[in-house]
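Please keep the sequence and the 3D view open side by side. Below are some short exercises, each with a worked solution to follow at your own pace.

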Amino acid sequence: MFLESIDIKHFRNLTDIHLEFSPGFNVFYGANAQGKSNLLEAIYTLAFLKGFRGDRLPDLIEFDASGAQLSTLLNREGAKTRLSLALESHTRHAYIDGSPCTRARDYMGILRAILFIPMDVSIQQAAPQLRRTWLDKMVFNLKPAYLLDLEQYQKLVKQKSAALRCEHPDTALLDVYDAQIFPVASRLIEARYQYLQLLAPHITRVFSKIFDESFDCFPVYKSATRTENIVFGKDMPTPLQAVLEGYRNHQSGARHKELARQQIASGPHRDDWGFELNGRHARYYASQGQQRAMSLAIKIAEIECLKQEAGIEPVFLLDDVSSELDPVRHKRLFEYLNAISAQTFLTTTSRHHVPIENVAHIFRVENGRITSE
Ligand code: ATP
Ligand code: MG
């Protein structure tokens, strides 16, 4: 899929923009604070109904404006769809081909976008909550129905946590919550497990091709109920059935502990994931450059995985990646991105950071104005 064009009104510092894109590489260059990331965020908002720098709607609207409007013409294998959004300070209205769309789940998943921002390079060191969100987003991108289970699970976790914090917890009510939580939690674990299994060969290949041939890089899932990590792509991973049984057994014997600590003992909201690099936990072993490379490799692997497993080619939003890689890896990254042919939107402070032969369309960004060159 690719975006043919975009129209932006009063979105952050982008007051009035109309742009036509190339299906290949689109590069946006300009000095700091001109509107480059804002442009990527406009595309991201059209995909996910929220920005990528905080969740507050009013922040997305230009100062002193009453609302922002975004609209894009999406081309999916020749079939065109217009996605539009009107953002007001506390509400947003979404439209598909001009018709209002009231349920977020009917809207999200039409435009598939994969974002890489400088903050992502430190995902290995980030709080587990952020890493889980990363993983959940990847699973969602391949399987949008995952969002329903995730929302349901989060709701149940909230309710059960509140019940555990009561002065006199109602054990019958806790039993009801457990009975409701278990099947949803199992589906989430299963979806994450299957996703990492599908992703593993792509990560291994991308990492070695672009970044480091001499290192083996494998994704791992860390269940709060198991001491050892589940490693994907190397030997046979721990069977899913054993992971689910481990979770069920752990959870069914945890009531006493849960009441004492007033919190849920285990489940997808406590699990974590990461990488193994040459047999060691990457968070403690990999160099900074390798950790950056891994973060980027996983995004590219995600694109390949979506293409292979679902026949979907997402758009790739790369914010200021030039500052993160050395020249050799940078060059290989561009060759690789060019070969996978996903529509790419890339921002940079200098056009010299980008090997020009691969660029289909270049735009200059200056003080909220974007001009095609
Ligand atoms: P850098 O190279 O430093 O990342 P950038 O070109 O990506 O710069 P953006 O993050 O797009 O810069 O921000 C451009 C400008 O938009 C900033 O000066 C910022 O203060 C401004 N801005 C952010 N939110 C709003 C808003 N709601 N209304 C108006 N301007 C805003
Ligand atoms: Mg920026």
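The exercises go from the domains to the sheets and then to the ligand.

**Before you start.** This is a predicted model, in which local features need pLDDT of at least 70, side-chain atom pairs count only at pLDDT 80 or more, and totals for chains, interfaces and linings use all residues. Residues are numbered from 1 along each chain as its sequence is written, while chains are lettered from A and ligands numbered from 1 in the order in which they are written.

**Exercise 1. Find the two domains and describe where they touch.**

Step 1: Mark domain 1 (2-112 + 312-372) and domain 2 (124-285) on the protein chain; these bounds come from an automatic or database domain assignment. Their C-alpha centres are 31 Å apart.

Step 2: Look for contacts (C-beta atoms, placed from the backbone, within 7 Å). Nine residues of domain 1 meet seven residues of domain 2.

Step 3: On the domain 1 side, helix α11 (residues 327-340) contributes the most, with four residues. Helices here are DSSP runs of H or I with at least four residues, strands are runs of E with at least two, and both are numbered from the N terminus.

**Exercise 2. Work out how helices α6 and α11 cross.**

Step 1: Take the axes, which are lines fitted to C-alpha atoms over the stretch in contact, with angles running from 0 to 180 degrees between N-to-C directions. The axes of α6 (residues 171-211) and α11 come within 8 Å and cross at roughly 130°.

Step 2: Under 35 degrees would be roughly parallel, over 145 roughly antiparallel, and 65 to 115 roughly perpendicular, with the rest oblique. The two helices, α6 and α11, are therefore oblique to each other.

Step 3: Now find the residues: Lys209, Ile210 and Phe211 of α6 meet Arg329, Arg332, Leu333 and Tyr336 of α11.

**Exercise 3. Trace the sheet of six strands and find its edges.**

Step 1: The order in this open sheet is β2-β1-β4-β5-β6-β7, with antiparallel pairing. Strands pair if DSSP finds at least two bridges between them.

Step 2: β2 (14-20) and β7 (99-101) each have a single partner strand, so one side of each has no neighbour in the sheet. Direction ignored, neighbouring strands are turned by 20° against each other on average.

Step 3: Follow the pairs. β1 (residues 2-11) and β4 (residues 67-76) are joined by seven bridges, and Ile6 faces Thr72 of β4. Helix α1 packs on this sheet, touching β1, β2, β4 and β5 (79-88), and its direction makes about 110° with that of β1.

Step 4: Check the hairpins. Three residues link β5 to β6, and Leu87 stands opposite Arg92 in β6. The hairpin of β6 and β7 has two residues between the strands, and Asp97 takes a positive phi near 50° there.

**Exercise 4. List what surrounds ligand 1.**

Step 1: A residue is near a molecule if its C-beta atom, placed from the backbone, lies within 6 Å of it. Of the 17 residues around ligand 1, Asn13, Asn32, Lys36, Ser37 and Asn38 come nearest.

Step 2: Helix α1 (residues 36-48) gives the most to this shell, with three residues.

Step 3: Sort the shell by residue type: four are nonpolar, eight polar and five charged. Here Ala, Val, Leu, Ile, Met, Phe, Trp, Tyr, Cys and Pro count as nonpolar, Asp, Glu, Lys and Arg as charged, and the others, Gly among them, as polar.
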